[in-house]
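I keep these notes for a reader who is meeting this structure for the first time. Each entry records what I looked up and what I found there.

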Amino acid sequence: MAHPLGNPPSKIIAVHLNYPSRARERGRIPAQPSYFLKPPSSLSGTKEAIVRPDGCELLGFEGEIALVIGSRAQRAAPEDGWSYVRWVTAANDAGVYDLRYADRGSNLRSKGADGFTPIGPRLLDARQLDPAALRLRTWVNGEPVQDDTTDTLLFPFGQLVADLSRLVTLEPGDVILTGTPAGASVVAPGDVVEVEVTGGGLSTGRLRNPVAAGPALEPYGAMPRTDAAERDAAYGTAHPLLDPTLEEGLRSVAVATLSAQLRSRGLPHMSVDGVRPLHPGARPMVGVAHTLRYLPLREDLFQRYGTGMNAQKRAVEELRPGHVLVMDARRDPSAGTLGDILALRAQRRGAAGVVTDGAVRDSVAVAGLGLPVYAAGSHPSVLGRRHVPWDTGVPIACGGALVQPGDLIVGDADGVVVVPPDLAEELIADCREQERQERFITEQVAAGESVDGLYPLGPPWRDAYENWCKGESQ
């Protein structure tokens, strides 16, 4: 198959996890890079079909940046690693999850089929590129699905070359696939995947590959099979963000009750102060925190951190179904931190809601989406008036509350509280009991009783309450 390298490389080496967004999506952050090999026969070029064998349902795409080695590398130092790279191009690390079980760890049959490593269409001169300033984008049927930059890689390109060359001699023409960001998922026959790498004013052009149906595999070896775990991995959801029973339990109790129960446990600072629902009639919000941190505007740094695929946009593209995007805007409501387009994208990514202690612009349009959004106010300006989007997936302060990625976020008309995951089950049980007591107390007050000894429920009313509970349960 035609590809821009001409002669086939001696080896293709692929990195498992390298982008923080993908690592968070997978639920693990590796301490060191790990790799697998793809055969040179898997190479193809632009416009060539990626063929999904009949009987396979989980053909995954992964937009990647491919490095082409230019000179022989043995025991290269990390600071010199980039100098061994001659070309940079776009790649799609395709594979069928239906066969992962057959070669667990090696990925030979799942990732090594003919045509499963398209690259191109153009090779960019690595000497004209900053390896920490490249942008990778992927589209499926014209819809953007991946967009990330190389400034936050877990393992910079020079380190990859150095690490590999400690034990494996890298020969001219060898290809290193450097990992994929969040958003990789599944495609089917009839879909079209496009990948582009840009940097330094240069572009690889779009690597464009249609997906086609192929014949079934001959029954000489392992045959396709899948299960719920492989399906989740293929679609980019390695594990559910929130157990449905836990979600329903948190949705069944009021934020005010949760706040009271947290306070009784010595946690009085779990409310996100100063935020209100943009649409008071919006459904209650329950989800898992994904965080975004803004820092004060610094004009000399805004071009670097505030433009292009900045942390704000990355945070939205990293969202998974069930995430609540929680933003630390330093409790400054005098600039927008989210507008209608990014709110729509968050909704399309499956977000359960948005919380910002800053302002929202396009507030009427955002409220009209039906997505639960809690903000400190509305403001017409863009974020560059006060804020620089800095990083994602880190502990933040939002409305005076410390929020860690993975905390549970619950909101209703009264506001928003942060729930530590390890306390959620017992909180739900105690909240339900508190709310049942309050229903009893409300009935007594409505009948004319004094609150003395009744609210909170005291010993004189305990027997009456127990009898009332028996009647309620019948």
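**Strands, helices and a cavity**

I began with strand β14, where V195 is the bridge partner of T138. I was working on a predicted model throughout. T138 led me to the pairing as a whole, and I noted that β10 (residues 135-140) is joined to β14 (residues 192-199) by 6 bridges, the two strands running antiparallel.

Next I looked for the other pairing of β10, and found that β10 and β11 pair in the antiparallel sense, again over 6 bridges. In this pairing R135 stands opposite T149 of β11. I then followed the chain through the turn: β10 and β11 make a hairpin with 2 residues between them, and N141 in that turn has a positive phi of about 55 degrees.

**Cavity**

I asked how many cavities of 30 Å³ or more the structure holds. The search gave 1 cavity of that size, and I wrote down about 50 Å³ as the volume of the largest cavity. The lining of this largest cavity is made by S21, V145, Q146, D147, D148, A182, R314, E317 and E318. Two elements, β11 (143-149) and α8 (311-317), each give two or more residues to that lining. Having just left β11 at the hairpin, I was interested to see that β11 gives the most to the lining, with 4 residues. When I sorted the lining by class, I had 5 charged residues, 2 polar ones and 2 nonpolar ones.

**Two sheets**

I turned to the open sheet of 7 strands, whose order is β2-β1-β12-β6-β7-β9-β3 and whose pairing is mixed. Why does one side of β2 and of β3 lack a neighbour in the sheet? I noted that β2 (35-38) and β3 (43-44) stand at the edges with a single partner strand each, so one side of each is left without a neighbour.

Within this sheet I looked up β7 (residues 85-92) and β9 (residues 117-125), which run antiparallel and are joined by 4 bridges. Here V88 stands opposite L124 in β9. While I was on β9, I also checked P121, which has its place in that strand, and I found that a cis peptide bond joins G120 and P121, with omega about -5 degrees.

I then went to an open sheet of 3 strands, in which the order is β8-β5-β13 and the pairing is antiparallel. The edge strands are β8 (95-96) and β13 (186-187), each of which pairs on one side only. I followed β5 (residues 59-60) to β8 and noted 2 bridges between these antiparallel strands, with V96 in β8 as the bridge partner of L59.

**Two helices**

My next entry concerns packing, and I kept in mind that two packed helices are described by the angle between their axes and the distance between the axes. For α5 (residues 244-251) and α11 (residues 424-446), I recorded axes that come within 9 Å and cross at roughly 35 degrees. I entered the crossing of α5 and α11 as left-handed.

Which residues of α5 meet α11? I listed L246, G249 and L250 on the α5 side, and these meet A424, E425, I428 and R432 in α11. Divided by class, the residues of this contact are 4 nonpolar, 1 polar and 2 charged.

**Backbone notes**

I closed with backbone entries that lie in loops. In the loop between α11 and α12 (462-473) I looked up P456, and the peptide bond from Y455 to P456 is cis, with omega near 0 degrees. In the loop between β8 and α2 (108-111) I looked up N107, which has a positive phi of about 65 degrees although it is not a glycine.

Methods. Residues are numbered from 1 along each chain as its sequence is written. This is a predicted model: local features need pLDDT of at least 70, side-chain atom pairs count only at pLDDT 80 or more; totals for chains, interfaces and linings use all residues. Side-chain values use heavy atoms; hydrogens and water are left out. Two strands pair if DSSP finds at least two bridges between them. On a 1 Å grid over the protein atoms alone, a cavity is a set of points where a 1.4 Å probe fits but cannot get out, and a pocket is an open set with protein on both sides within 12 Å along at least five of seven lines; lining residues have an atom within 4 Å of a point. Grid points are joined across faces, edges and corners, and a volume is the space filled by probe spheres set on the points. Ala, Val, Leu, Ile, Met, Phe, Trp, Tyr, Cys and Pro count as nonpolar, Asp, Glu, Lys and Arg as charged, and the others, Gly among them, as polar. Axes are lines fitted to C-alpha atoms, for helices over the stretch in contact, and angles run from 0 to 180 degrees between N-to-C directions. A crossing is left-handed if the near helix is turned anticlockwise from the far one by less than a right angle, and right-handed if clockwise. Contact means heavy atoms within 4.5 Å.
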